[in-house]
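Visitor: I have a structure open and would like to go through it with you. Could you take me around it piece by piece?

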Amino acid sequence: SLLALRAINRSWQKVVGWCQASLADADDPVSHVVLVRASSPLTKPVTQAQAFATWDVLYPGSIYSVRVVRETGALPSLLAKYDALAKSKRELEVRRDQLIEDGKANQAEATPCCGGSSLAAKISKMEAKMALLTPKISALRDKCIGDEKDVGLSYFVIFTTSRAATMASQVSALPSASYTVSAAPVPTGVRWAALKQMGIRTRVPTRICAKIGYWAMFVLWSSGIAAINLVMNLESLYLVLPPVRDLLVALGPSVESFVGAFLPPLAYTIFMAILPMVCATFSSLYGLPSVGEVNASAFAGLFTFNFVYVFLAPSLSSSMLASIEAVIRNPGEIFAIITGICSGLASASTFFITFTLLKLVLLLNTELVRLVPTVLLYLKRKAGLTKDGAPPDPAKFHVLWMGVTLHMCIGINYASVAPITTVFSFMCA
């Protein structure tokens, strides 16, 4: 346990040191920027000039500029659509030019492409779509440009020195303050929807609804599995796929019984597979300004769920119920609950030895070679859903670190009961 705590402490010190070095690095643009957000949806929006004047009074001569997060409406989605069309058009032009260089100019005009149209016809069609989008984009851009539109409930303050920015990000705001100050996330990690006026105005009710949804799922998690299990039985399977009945009957009663017993655990497996996505969805509704905070919130929700239902429930449920029954019969044996907890951990040690060993031998290897993302990428390429050369999806932070932290917790708790579990847990972590 002491070794595990020391390893966790060293890792945390490394994270803190990395953050301090990042803030002190003059080449890091984020070290010169702080994010200011309205703490209440009733806060009055500020203009760029008002925000600059306020911060220039607090830090005279240290403010380089202020950038207000404006309302842009549908402009980002139109720009993304325009960029996608331009990229596809460039790829087709490269293909056409290659055919011309190879002396196949006639094929460049007649070669079928994308639904039977020729290259030239497809390029012309994309150019027409881009021409239709251009006036819409220009109109929306003109609508967002102008000093009168430079107003919002969130803005970035850019300092001339990293020292001033660090001091500003470390100042604690009063509870009655209308704005909060924090270190700015990296540009690629900003969640712009949460910083716009509409996102801040609806942040409180959306966050409350997301919290209620998560804890309802946490308390009533068996209902979700039961709902999946309604369609994961032989009767429902026969209704959806009638040929399966004939197949299983032909294979014999033993195979039919095996499939019937295999379907209920499959419902639990499906639920646990979609749980990370559900936790990430709830975290995205909390109104957090950066992708990193959303990942951290998703990790907390996912770890809480797994810690309670994967670790505590199997190890303590039966022993705790027996202890509570003994205390009800004889209130003087209140310490029997502690004894029940210890006996529950000891009796479940074999299960967790097997659990950590399987994680180490099987799942750890699949994580190292990234077997599942690689197979999914191959299937997507075969189905035409992604392009050749596209990399696999990046590893999900909240899923990866949830597994590491859960194994560390199991190893610490079983350090004295079953030391071999601790060894397997450290190897997994």
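Visitor: Let's start on the outside. Which residues form a nonpolar patch on the surface?
Guide: Keep in mind that this is a predicted model. The nonpolar surface patch is formed by V375, L376, Y378 and L379, which together have about 390 Å² of accessible area.

Visitor: Where is the place of L379?
Guide: L379 lies in helix α17, which covers residues 371-383. Its relative accessible area is 48%, and because buried means under 20% and exposed means over 50%, L379 counts as partly exposed.

Visitor: Let me zoom out. How many helices and strands are there in the protein chain?
Guide: The protein chain has 19 helices and eight strands. Of its 429 residues, 33% are buried, and its accessible surface comes to about 25800 Å², with 67% of that belonging to carbon and sulfur atoms.

Visitor: What share of the contacts with a separation of 6 or more comes from residues 24 or more positions apart?
Guide: Among the contacts in the chain with a separation of 6 or more, 77% are between residues that are 24 or more positions apart.

Visitor: On to the strands. Why is β7 described as largely enclosed?
Guide: Strand β7 runs over residues 154-159, and five of its six residues are buried, so the rest of the structure largely encloses this strand.

Visitor: Which sense does its pairing with β1 take, parallel or antiparallel?
Guide: Strand β1, residues 33-38, pairs with β7 in the antiparallel sense over five bridges, and one place to look is V36, whose bridge partner in β7 is Y155. Strand β3, residues 63-68, is also joined to β7 by five bridges and runs antiparallel to it; here R67 has F156 of β7 as its bridge partner.

Visitor: Now the inside. How many residues are in the largest nonpolar core?
Guide: The largest nonpolar core has 24 residues, and those with the most contacts inside it are Y214, M217, L275, F305, L406 and I410. Helices α9 (203-219), α13 (253-284), α14 (291-329), α16 (349-369) and α18 (397-413) each supply at least two residues of this core, and α14 gives the most, with seven residues. As a general point, nonpolar side chains tend to be buried together in soluble globular proteins.

Visitor: What is F305 in contact with, leaving aside its neighbours within four places in sequence?
Guide: With those neighbours set aside, F305 is in contact with Y214, M217, F218, W221, F271, M272, L275 and V310. There is also a second, separate core of 19 residues, and W55, Y59, L153 and V157 are among its members.

Visitor: Changing topic to charges, how many salt bridges does a search of the whole structure find?
Guide: The search finds one salt bridge, in which the side chains of K89 and E127 meet at 3.8 Å, taken from N to O. The two residues are 38 apart and link distant parts of the chain, with K89 in helix α3 and E127 in helix α5, residues 119-144. Speaking generally, side chains of opposite charge can pair when their charged atoms come close.

Visitor: And is K89 buried or exposed?
Guide: K89, in helix α3 (residues 75-101), is buried, with a relative accessible area of 16%, whereas its partner E127 counts as partly exposed at 40% relative accessibility. Apart from its neighbours within four places in sequence, K89 is in contact with I123, M126, E127 and M130.

Visitor: One more spot: what does S169 touch?
Guide: Not counting residues up to four places away in sequence, S169 touches V34, V181, S182 and A183. S169 sits in helix α6, residues 162-170, and is buried, with a relative accessible area of 18%. Its C-alpha atom is separated by 9.5 Å from that of T180, which is eleven residues apart from S169 along the chain.

Visitor: How far apart are E293 and R191 in space?
Guide: From C-alpha to C-alpha, E293 and R191 are 10.0 Å apart, while in sequence they are 102 residues apart. E293 is found in helix α14 and is partly exposed, with a relative accessible area of 37%.

Definitions and conventions. Residues numbered from 1 in each chain as written. Predicted model: local features only at pLDDT ≥ 70, side-chain atom pairs only at ≥ 80, totals over all residues. Heavy atoms only, no water. Patch = residues over 30% accessible without salt bridge, like charges linked within 9 Å, V, L, I, M, F, W, Y side chains within 5 Å. Areas by Shrake-Rupley, 256 points an atom, 1.4 Å probe, with all protein chains shown as cover. Salt bridge = Lys/Arg side-chain N within 4 Å of Asp/Glu carboxyl O. Helix = DSSP H or I, 4+ residues; strand = E, 2+ residues; numbered from the N terminus. Buried < 20%, exposed > 50% of the residue type's maximum accessible area, 1.4 Å probe, protein only. Contact = heavy atoms within 4.5 Å. Pairing = 2+ DSSP bridges. Core = buried A, V, L, I, M, F, W, Y, C linked by side-chain atoms within 4.5 Å.
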